[in-house]
Amino acid sequence: MPVGVGYHSGSHYSALQELEQFLEPSQIELSYVGLPYDRVRLMLERRIPAANVFGPQYYTLEQLGFRKLVDTTFMMGFLVAEDADVQDVARYFAALRRAQREIDLRPERYKHYWLREMPEDIQRIVDVRRFGPGERLVWEPYTREMFEQTHAWMQAHALFDPAAAPPRYEDAILHAAPVG
């Protein structure tokens, strides 16, 4: 059964990771079908039998009667420019922490914002008041051990260009002093 995912993205990696608990590698067939709302539309049109979605796309399909086969929750990182001011980054994350607290306390106040990131055709067929809070920020460090385990898993699945230099933890992690 082909599963619609994004190319070399969280949906790709998490689909592999979860499906390999149930299927042999030769049985896993991923299909790169576009962006998250492209996958929603293909599911609604019954053009693909399964898709890996999360956040508003998951809430949309769930609300319209689709069901989850496996949970493909994954950890996401942030990309920061090499020349970014570390204190600006720290202030940004402090603001995200405050926003997460507000959403946790009164999610209904913020659900209408889902409409901002949703195409009009999808807006017309869902009620965002029934959506959950979405991705949750978890304030835990990404340790060297986590990095190395993830890298080993990706290498075992041939997800890296073999000619590329191996990534280094020191180059991947920004250690910013907390603000506020």
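**Notebook: predicted model, single chain**

I looked up Phe78 first and found this residue partly exposed, because its relative accessible area is 44%, between the 20% and 50% limits of that class. The model I am reading is a predicted one. Phe78 sits in the loop that links helix H3 (55–63) and helix H4 (86–105). I then asked which residues share a surface patch with Phe78. The nonpolar patch consists of Phe78, Val80, Val86, Tyr92 and Leu174, and their accessible area together is about 430 Å².

**Whole chain**

I noted the inventory next: seven helices and three strands. Along the sequence I read the pattern as β-α-β-α-β-α-α-α-α-α. The C-alpha trace spans about 45 × 45 × 25 Å along its principal axes. Of the 180 residues, 30% count as buried. I recorded an exposed area of about 12,500 Å² for the chain, with carbon and sulfur atoms supplying 54% of it. For contacts with a separation of 6 or more, I found that 61% come from residues 24 or more positions apart.

**Sheet**

I checked the strand order and got E2-E1-E3, an open sheet of three strands with parallel pairing. Strand E2 (29–32) and strand E3 (50–51) are the edge strands, each pairing on one side only. Strands of a sheet pair through backbone hydrogen bonds, in either a parallel or an antiparallel way. Here strand E1 (residues 2–5) and E2 run parallel and are joined by four bridges. Which residue of E2 is the bridge partner of Gly4? I found Ser31 in that position. Helix H1 (residues 10–19) packs on this sheet and touches E1 and E2. I noted about 170 degrees between the direction of H1 and that of E2.

**Helix H2**

I went through helix H2 (residues 36–44) for buried positions and listed Tyr37, Arg39, Val40, Leu42 and Met43. Which elements cover the buried residues of H2? The cover includes E1, H1, E3, H3 and H5. I also looked at the backbone just after H2, where Arg46 takes a positive phi of about 60 degrees.

**Gln63**

I located Gln63 in helix H3. Is Gln63 buried or exposed? Gln63 counts as buried because its relative accessibility is 17%, and the limit for that class is under 20%. I then listed its contacts, leaving aside neighbours within four places in sequence: Ile125, Val126, Asp127, Arg130 and Phe131.

**Tyr142**

I found Tyr142 in the loop between helix H5 (120–123) and helix H6 (144–156). Its relative accessibility is 27%, so Tyr142 counts as partly exposed. Which residues is Tyr142 in contact with, once neighbours within four places in sequence are left aside? I got Met75, Phe147, Thr150, Tyr169 and Ile173. I also took the C-alpha to C-alpha distance from Tyr142 to Leu44: the two are 37 Å apart in space and 98 residues apart in sequence.

**Recap**

For my own reference, I keep three residue entries. Phe78 is partly exposed and belongs to the nonpolar surface patch. Gln63 is buried and is in contact with Phe131, among others. Tyr142 is partly exposed and is in contact with residues including Met75 and Tyr169.

Definitions and conventions
Residues numbered from 1 in each chain as written. Predicted model: local features only at pLDDT ≥ 70, side-chain atom pairs only at ≥ 80, totals over all residues. Heavy atoms only, no water. Patch = residues over 30% accessible without salt bridge, like charges linked within 9 Å, V, L, I, M, F, W, Y side chains within 5 Å. Areas by Shrake-Rupley, 256 points an atom, 1.4 Å probe, with all protein chains shown as cover. Salt bridge = Lys/Arg side-chain N within 4 Å of Asp/Glu carboxyl O. Helix = DSSP H or I, 4+ residues; strand = E, 2+ residues; numbered from the N terminus. Buried < 20%, exposed > 50% of the residue type's maximum accessible area, 1.4 Å probe, protein only. Contact = heavy atoms within 4.5 Å. Pairing = 2+ DSSP bridges. Axes fitted to C-alpha atoms, helices over the stretch in contact; angles between N-to-C directions.
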